[in-house]
Amino acid sequence: MKMTYAENFIRSANAPQISPGVMMKNIIFPGQAVPRTPEQVRNQLIKISPAHQVKEDSPPFLLLHGDADPIVPMQKSQVFYEKLKSKGVDAQLRSEERRVG
């Protein structure tokens, strides 16, 4: 079974001693009730996703993404970039070889 991005993050080495509920409450969903179902987790992740916060009057963006980033896949930057462009926001996406961040 393929894990979601949130499940991968929760189970990552970043916080092996923290339970998923605590991780989600304190890091992924600050100030929010802990989601109980996969659908609630998905809906909350969509709600807080930067790509879903883009508006026509958003400022210009320069996105730099390292191709060696083990946490955030390049696809996430591409989705954000495409959302910015679809709203008419001036944006550039640059991929840096063998870099993280």
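Biologist: What is the mean pLDDT of the protein chain, and how many of its residues reach 70 or more?

Modeller: Good place to begin, since this is a predicted model. The protein chain has a mean pLDDT of 75, with 61% of its residues at 70 or more.

Biologist: Where is confidence lowest, and where is it highest?

Modeller: Helix 2 (residues 20-28) is at the bottom with a mean of 47, while strand 2 (residues 91-96) is at the top with 93. Residues 13-26 have pLDDT below 50, and in the model this stretch makes 18 contacts beyond near neighbours in sequence. Where pLDDT is low, predicted coordinates should not be read in detail. Please treat those 18 contacts with that in mind.

Biologist: Understood. Which pattern does the protein chain follow along the sequence?

Modeller: The order is α-α-α-β-α-β, built from 4 helices and 2 strands.

Biologist: How do strand 1 and strand 2 run, and how many bridges join them?

Modeller: Strand 1 (residues 61-66) and strand 2 run parallel, joined by 6 bridges. To find your place in the pairing, look for G66, which stands opposite E96 in strand 2.

Biologist: And which unit do strand 1, helix 4 and strand 2 make?

Modeller: For handedness, follow the path from one strand over the helix to the other. Here strand 1, helix 4 and strand 2 form a β-α-β unit that is right-handed.

Biologist: Let me try a residue in that helix. Is S77 buried or exposed?

Modeller: The idea is to compare relative accessibility with a cut-off: buried means under 20%. S77, in helix 4 (residues 74-86), has 14% relative accessibility and therefore counts as buried.

Biologist: With which side chain does the side chain of S77 make a polar contact?

Modeller: The partner is the side chain of H65, at 2.5 Å. Setting aside neighbours within four places in sequence, S77 is in contact with L63, H65 and L93.

Biologist: L63 has come up now. What else is L63 in contact with?

Modeller: With neighbours within four places again left out, L63 is in contact with S77, F80, Y81, L84, Q92, L93 and R94. L63 also belongs to the largest nonpolar core, whose 7 residues are A51, V54, L63, F80, L84, V89 and A91.

Biologist: Finally, the chain as a whole: what percentage of the residues count as buried?

Modeller: Of 101 residues in the protein chain, 24% are buried. As for contacts between residues at least 6 apart in sequence, 54% join residues at least 24 apart.

Terms used: Residues are numbered from 1 along each chain as its sequence is written. This is a predicted model: local features need pLDDT of at least 70, side-chain atom pairs count only at pLDDT 80 or more; totals for chains, interfaces and linings use all residues. Side-chain values use heavy atoms; hydrogens and water are left out. A nonpolar core is a set of buried Ala, Val, Leu, Ile, Met, Phe, Trp, Tyr and Cys residues joined through side-chain atoms within 4.5 Å. Buried means under 20% relative accessible area, exposed over 50%, partly exposed in between (1.4 Å probe, protein chains only). Contact means heavy atoms within 4.5 Å. pLDDT is the predictor's confidence in each residue, from 0 to 100. A polar contact is a pair of N or O atoms within 3.5 Å; within protein, one must be able to donate a hydrogen and the other to accept it, and residues adjacent in sequence count only if both atoms are side-chain atoms. Two strands pair if DSSP finds at least two bridges between them. A crossover is right-handed if, with the strands pointing away from the viewer, the path from the first strand over the helix to the second runs clockwise.
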